[in-house]
Amino acid sequence: MAEPGRELSAAEVEVVDLCRELIEFDTSNYGDHSGPGERKAAEYVAAKLDEVGVESRIYEKHPGRSNVVARITGEDSSRPPLLIHGHLDVVPAAPEDWTHHPFAGEVADDCVWGRGAVDMKDMNAMVLAMLRQRLREGRRPPRDIVLAFLADEEAGGTWGAQYLVDEHPDLFADCDSAISEVGGFSFTVKENRRLYLIETAEKGIAWMKLTARGTAGHGSMVNTDNAVTELAAAVARLGEHRFPVQLTPTVRTFLEEICEEFGIPFDEGDVDATVARLGPIARMIGATLRNTLNPTVLGGGYKANVIPGEATAQVDGRFLPGTEDAYFAEIDRLLGPKVSREFIHHLPAVETSFDGGLVSAMSESLLAEDPGAKAVPYCLSGGTDAKSFSRLGVRNYGFAPLQLPPELDFAGMFHGVDERVPIEGLRFGVRVLDRFVGLS
């Protein structure tokens, strides 16, 4: 809640409407070319920047899949710029499943509701509100800021970050660091103690198609070379396999910090028990203890009495930083010689250290707004556009600061039904980001 007697800043007021209005743009990404695209949302962002004198440009590799890039001149343009990026697309939502329509941007129960409220139109709104107030007041950032509002993140960034890094790397060539989504949110340890999880690492992505080939024939005949049988057995082996715990530097540091806060010893032999104490975010953190692979799609055959010559499946693989070669070697062992694999989508794992001036600026900014704050690094089980920008040597951090009610299932908001963000969380984020930009 706002402090009694303190007047809200213009940015704290505006951020709610900016978030609502961004949600109202249906930018659903279906993973193909059938969705509405990001063009209208991109034009909205460009107009909001233009109102405060920031010139931007819209880039498109595919019609309607729009990216907005702008550069704000800071007080010292000789320093490497800070990249702030966010994606404009969202995953689809079925309105009949929601309490409030996912693209209405409604305010209810002190929250802004809708698809993208936390993933990630909230941060886009916080960044716009903060920078618009700064520029209206003539407060230039200490160094240049490159802004990128991106397309297609929810399908891997082919039309967004990957396209810009491949074909317009000059836009980001002098950036040394970046902030974006899925970090900076609070985890309440006790009444006056909150850890703010800063993403410094994320697992790699390997969406794969598996193919088994055999001898086609009549369903009534004996067939010892059945592609469906071979594929089913391989998929079962993959689905039942449990990869061992592997503690990366980021995950180890996070667990050590958690144990210290809870006053319990760090038992490396039973890290699952430590994670189980984390409540709703245990699902998010637990997935970073080990590599994973989940079968998701099966296909093969076209008629009950015909043995097909080929059967296919799709799997979703996620691997920790530094484990990629061993991960795929284990998958190949489990598949066996008769099942081949190919990538549908393959992006690397990334990790950076939790140190330096940018991390100090995050910690100081959080402490200034929440005396009970402590910033800690963590690894994201999913993936973001950080993967693309890391190819340019940019150090990426997830820092979209939100102070959250302890009872809110924040992890469940991502791609879930009834996605929503607390209004006070948005206002907190605006204040923290304003301090952060001033210190960075």
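This is a conversation about how some features of a predicted model get their labels.

Trainee: Let's start with the rings. How many aromatic pairs does a search of the whole structure find?

Mentor: The search finds twelve aromatic pairs. A good one to begin with joins phenylalanine 319 and tyrosine 327.

Trainee: What makes the pair of phenylalanine 319 and tyrosine 327 tilted?

Mentor: Their ring centres are 5.6 Å apart, and pairing requires centres within 6.5 Å. The planes stand at 35 degrees, whereas stacked needs under 30 and edge-to-face needs over 60. The angle fits neither of those classes, so the pair is tilted.

Trainee: And why is the pair of phenylalanine 410 and phenylalanine 414 called edge-to-face?

Mentor: Here the angle between the planes is 85 degrees, with 5.1 Å from centre to centre. Edge-to-face begins over 60 degrees, so the label follows for this pair.

Trainee: Are these four residues buried or exposed?

Mentor: Phenylalanine 319 and tyrosine 327 are buried, and phenylalanine 410 and phenylalanine 414 are buried too.

Trainee: Which residues do ring pairs link into a cluster?

Mentor: The cluster contains Phe243, Phe319, Tyr327, Phe328 and Phe343.

Trainee: How do you know that arginine 420 lies over the face of tryptophan 113?

Mentor: Arginine 420 is 4.8 Å from the ring centre. The distance cut-off is 6 Å, and the charge must also be within 35 degrees of the ring normal. Arginine 420 is listed as lying over the face of tryptophan 113.

Trainee: Now two threonines. Why is threonine 250 called buried?

Mentor: Its relative accessible area is 4%, and buried means under 20%, so threonine 250 qualifies. Threonine 250 lies in helix α6, residues 249-262. Beyond its neighbours within four places in sequence, threonine 250 is in contact with residues including Thr200, Glu351 and Tyr378.

Trainee: What makes threonine 292 partly exposed?

Mentor: Threonine 292 has 21% relative accessibility. Buried requires under 20% and exposed requires over 50%, so threonine 292 falls in between and counts as partly exposed. Threonine 292 belongs to strand β12, residues 292-300. Two members of the ring cluster, Phe243 and Tyr327, are among the residues in contact with threonine 292.

Trainee: On to the helices. Why are α1 and α13 called oblique to each other?

Mentor: The axes of α1 (residues 10-24) and α13 (residues 423-439) cross at roughly 125 degrees and come within 9 Å. Roughly perpendicular covers 65 to 115 degrees, and roughly antiparallel starts over 145. The angle belongs to neither, so α1 and α13 are oblique. Val15 and Cys19 in α1 are among the residues that meet α13.

Trainee: What makes α10 oblique to α13?

Mentor: Helix α10 (residues 357-369) packs with α13 at about 140 degrees, with the axes 8 Å apart. Roughly antiparallel needs over 145 degrees, so α10 is oblique to α13. The α13 side of this meeting includes Phe428 and Leu439.

Trainee: And how do you know that α3 and α13 are oblique?

Mentor: Helix α3 (residues 121-136) meets α13 at an angle of about 55 degrees, with axes 9 Å apart. Roughly parallel ends under 35 degrees and roughly perpendicular starts at 65, so these helices are oblique. Met126 and Met130 are among the α3 residues in contact with α13.

Trainee: Which handedness do these crossings have?

Mentor: The crossing with α13 is right-handed for α1, for α10 and for α3.

Methods: Residues numbered from 1 in each chain as written. Predicted model: local features only at pLDDT ≥ 70, side-chain atom pairs only at ≥ 80, totals over all residues. Heavy atoms only, no water. Phe/Tyr/Trp six-rings, centres within 6.5 Å; stacked < 30°, edge-to-face > 60°. Buried < 20%, exposed > 50% of the residue type's maximum accessible area, 1.4 Å probe, protein only. Axes fitted to C-alpha atoms, helices over the stretch in contact; angles between N-to-C directions. Helix = DSSP H or I, 4+ residues; strand = E, 2+ residues; numbered from the N terminus. Left-handed = near helix turned anticlockwise from the far one by under 90°. Contact = heavy atoms within 4.5 Å.
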